[in-house]
Amino acid sequence: TVFRGKIHRSMSSYVCSIDQGTSSTRFMVFDKAGNVVAVNQKEHTQYYPSPGCVEHDPEEIWKNTKSVIEGAMSSANIRASDIAALGITNQRETTVVWNRHTGKPYHNALVWNDTRTHPICEELAREGGQNRFRAKTGLPISPYFSGSKLVHLLRTVKGLREDAEKGDALFGTIDSFLIWKLTEGRVHATDVSNASRTLLMDIRTLQWDEKEQLPTLGIPPCMLPTIRPSSGVLGEVSGIQSLKGVPISGVLGDQQAALFGQACFEKGEAKSTYGTGCFLLMNTGETIVPSTHGLLTTVAYQLGADSAPVYALEGSVAYSGSLIQWLRDNLQLISSAAECEEVAKQVEDNGGVYFVPAFAGLYAPYWRDDARGVIVGLTAYNTRAHIVRAALESTAFQIREVLEAMKADGGENSQVLSLRVDGGATKNNLLMQFQSDLLGVPLQRPVVNETTALGSAYAAGLAVGYFHSLNEVKESWKCDKTWKPDMSHEKRDALTKSWSKAIEKSLNW
């Protein structure tokens with residue numbers, strides 16, 4: 001397939017991406033081979049106003065976005081004319097509301113892992129249960145998704161509902177807010193992958209569901225951004241001088257961007273990203289696969305308005321890298337994330353200790369808001385190293401559960417023969433080997449590990465002719481390291497049986 005757009009930009013040297021994540025904002029410039037030419041990154045403040053509440057300041061995120069773009073462009077001496085296209089990838093579900101006229105947010109952004117909307121979700125689930133909207137949206141009712149967060153803001157922020165009904169207040173996930181700022185308010189849009197995470201979009205029509213979802217949740221349709229394909233020109237940058245005139249032509253939620261950056265374009269191909277949380281996505285092609293095993297059915301991407309959307313099954317693990325940060329900051333068992341592997345290697349195994357990090361409940365495949373974190377199996381024999389190792393292993397156990405659910409949902413089409421992995425924790429050899437052992441399949445880490453940024457840059461480049469086809473993108477993917485399974489079936493079964501016991505102990509709090 002060839003994606004046609006502003007082909008005159010295809011002669012430019014580079015493509016770039018804003019990677020707006022949960023803990024930081026990064027700007028990256030890539031060449032045609034996917035090599036990183038320039039990068040700049042800045043962390044933003046995490047606000048925890050009360051238990052279960054997590055917020056970001058959208059204005060700080062915008063300020064940091066401008067800063068990292070200017071920093072990367074000037075350090076590598078790159079001009080706007082050198083850039084063919086800009087892609088955006090973002091933390092999904094995180095909810096922003098701002099004023100159409102001033103551009104000022106009404107409230108801090110409610111972050112994806114904020115659980116304050118649990119009462120709203122219970123209210124919605126009273127009629128029809130937790131899966132009331134699943135057939136249309138692919139999602140269960142959960143505080144995780146943007147819909148309940150927006151309802152909360154409309155109910156609690158003074159003057160917001162009135163402004164929303166007048167058309168003065170706008171809603172968006174972080175991508176929409178950045179597009180609005182980059183185009184100085186000319187474009188209010190999102191892409192299909194981000195829209196599919198709101199609980200408000202019909203995943204078949206790729207439109208906001210104004211018949212059922214919006215009236216049920218009490219959301220004025222005029223607040224919502226226009227839904228656009230993931231690859232296609234949305235507008236041009238005018239709000240940042242160093243990118244002035246560059247087309248914004250690729251937008252993907254971070255996990256869909258990683259799937260795209262890992263070149264998982266064929267049905268059955270899968271990737272796992274190890275970041276703050278952990279996310280396993282499997283491409284299901286143009287087929288919507290409803291999950292009966294606790295997974296999410298989501299839109300992976302759409303390449304142009306004339307192309308059919310590509311769907312995916314997804315399993316999300318809330319605490320992965322953030323669990324290691326918790327060991328460092330809250331328990332002070334380690335002094336740095338890098339020390340985690342070193343400490344865990346001091347013991348041969350977990351010594352019978354299992355750590356279920358259900359700090360915000362359990363995500364896939366359980367969806368249990370009543371779960372809480374537990375460390376079980378402790379005896380006087382155990383040391384700090386066993387607890388650190390159990391924390392590390394918890395990610396691998398959770399990913400195994402997600403992959404098993406995928407196999408059950410997808411049947412013959414979902415037998416994953418290998419798994420492409422990315423994210424910070426792929427540097428941890430102990431975790432990656434244990435993950436391969438538990439899954440019984442090889443793991444492959446790419447040369448370019450920044451797959452979220454790369455994925456949105458690929459989507460942006462395809463829209464303007466910088467890349468001519470998915471095959472060209474696929475050929476640029478190169479494997480850096482492979483881990484192969486080396487564990488007996490008996491040992492794997494014994495470990496997973498004990499993990500299941502630990503899960504039971506984490507429920508009904």
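Q: What is the bridge partner of Asn90 in E14?
A: In this predicted model, Asn90 is matched with Gly253 of E14.

Q: What makes strand E5 and strand E14 a pair?
A: The bridges do. E5 (residues 83–90) and E14 (residues 247–253) share 5 of them, in the parallel sense. Pairing takes at least two bridges between the strands, so E5 and E14 count as paired.

Q: How do you know that E13 and E14 pair, and in which sense?
A: There are 3 bridges between E13 and E14, and the cut-off is at least two. The sense is antiparallel. One of the matches puts Glu236 with Pro247 in E14.

Q: What makes E3 and E13 the edges of their sheet?
A: Start with the layout: this is an open sheet of 6 strands, ordered E3-E2-E1-E5-E14-E13, with mixed pairing. Strand E3 (36–43) and strand E13 (231–236) each have a single partner strand, so one side of each has no neighbour in the sheet. On average, neighbouring strands here are turned by 25° against each other, ignoring direction.

Q: Why is E14 called mostly covered?
A: Of its 7 residues, 7 are buried. For each, that means under 20% relative accessible area.

Q: Which helices lie across E5 and E14, and at what angles do they run?
A: Helix H6 (residues 174–182) lies across strand E1 (14–20), E5, E13 and E14, at about 145° to E5. Helix H9 (residues 254–261) lies across E5 and E14, at about 105° to E14. That last value falls in the 65 to 115 window, so H9 is roughly perpendicular to E14.

Q: Why is Gln256 called buried?
A: Gln256 belongs to helix H9. Its relative accessible area is 0%, and buried means under 20%, so Gln256 qualifies. Leaving out residues up to four places away in sequence, Gln256 touches Arg92, Ser193, Ser196, Arg197, Leu281, Thr298, Val299 and Ala300.

Q: How do you know whether Ser146 is buried or exposed?
A: Same test. Ser146, in helix H4 (residues 146–156), has a relative accessible area of 0%. With the cut-off for buried at under 20%, Ser146 is buried. Beyond its neighbours within four places in sequence, its contacts are Glu93, Thr95, Phe171, Thr173, Arg197 and Thr198.

Q: Why is H9 called roughly perpendicular to H14?
A: H9 and helix H14 (residues 451–463) pack at about 75°, with axes 7 Å apart. Roughly perpendicular covers 65 to 115 degrees, so H9 and H14 get that label.

Q: Which residues of H9 and H14 meet?
A: From H9 come Asp254, Ala257, Ala258, Phe260 and Gly261. On the H14 side they meet Thr451, Thr452, Leu454, Gly455, Ser456, Tyr458, Ala459 and Leu462.

Q: What makes E17 and E23 the edges of the other sheet?
A: That open sheet has 7 strands in the order E17-E18-E16-E15-E21-E22-E23, and its pairing is mixed. Strand E17 (296–301) and E23 each have a single partner strand, so one side of each is left without a neighbour in the sheet. From one strand to the next, the twist averages 30°.

Q: How do you know that E15 and E16 pair?
A: Count the bridges: strand E15 (residues 270–274) and strand E16 (residues 278–285) are joined by 5, running antiparallel. The threshold is at least two. Within this pair, Ser272 has Leu280 of E16 as its bridge partner.

Q: What makes E21 and E22 a pair, with 2 bridges between them?
A: Pairing needs at least two bridges, so 2 bridges between strand E21 (residues 419–422) and strand E22 (residues 443–446) meet the cut-off. The sense is parallel, and Leu419 stands opposite Leu443 in E22.

Q: Which unit do E21, helix H13 and E22 make?
A: Together with helix H13 (residues 429–439), E21 and E22 make a right-handed β-α-β unit. The hand comes from the path: with the strands pointing away from the viewer, going from the first strand over the helix to the second runs clockwise.

Q: How do you know that E22 and E23 pair?
A: E22 and strand E23 (residues 479–483) have 4 bridges and run antiparallel, against a requirement of at least two. Pro446 is found opposite Cys479 in E23.

Q: How far can the model be trusted, going by pLDDT?
A: The chain average is 91, on a confidence scale from 0 to 100, and 97% of the residues score at least 70. Over residues 1–8, though, the pLDDT is below 50; that stretch has 20 contacts in the model beyond near neighbours in sequence.

Definitions and conventions. Residues numbered from 1 in each chain as written. Predicted model: local features only at pLDDT ≥ 70, side-chain atom pairs only at ≥ 80, totals over all residues. Heavy atoms only, no water. Axes fitted to C-alpha atoms, helices over the stretch in contact; angles between N-to-C directions. Contact = heavy atoms within 4.5 Å. Buried < 20%, exposed > 50% of the residue type's maximum accessible area, 1.4 Å probe, protein only. pLDDT = per-residue confidence, 0-100. Parallel < 35°, antiparallel > 145°, perpendicular 65-115°, else oblique.
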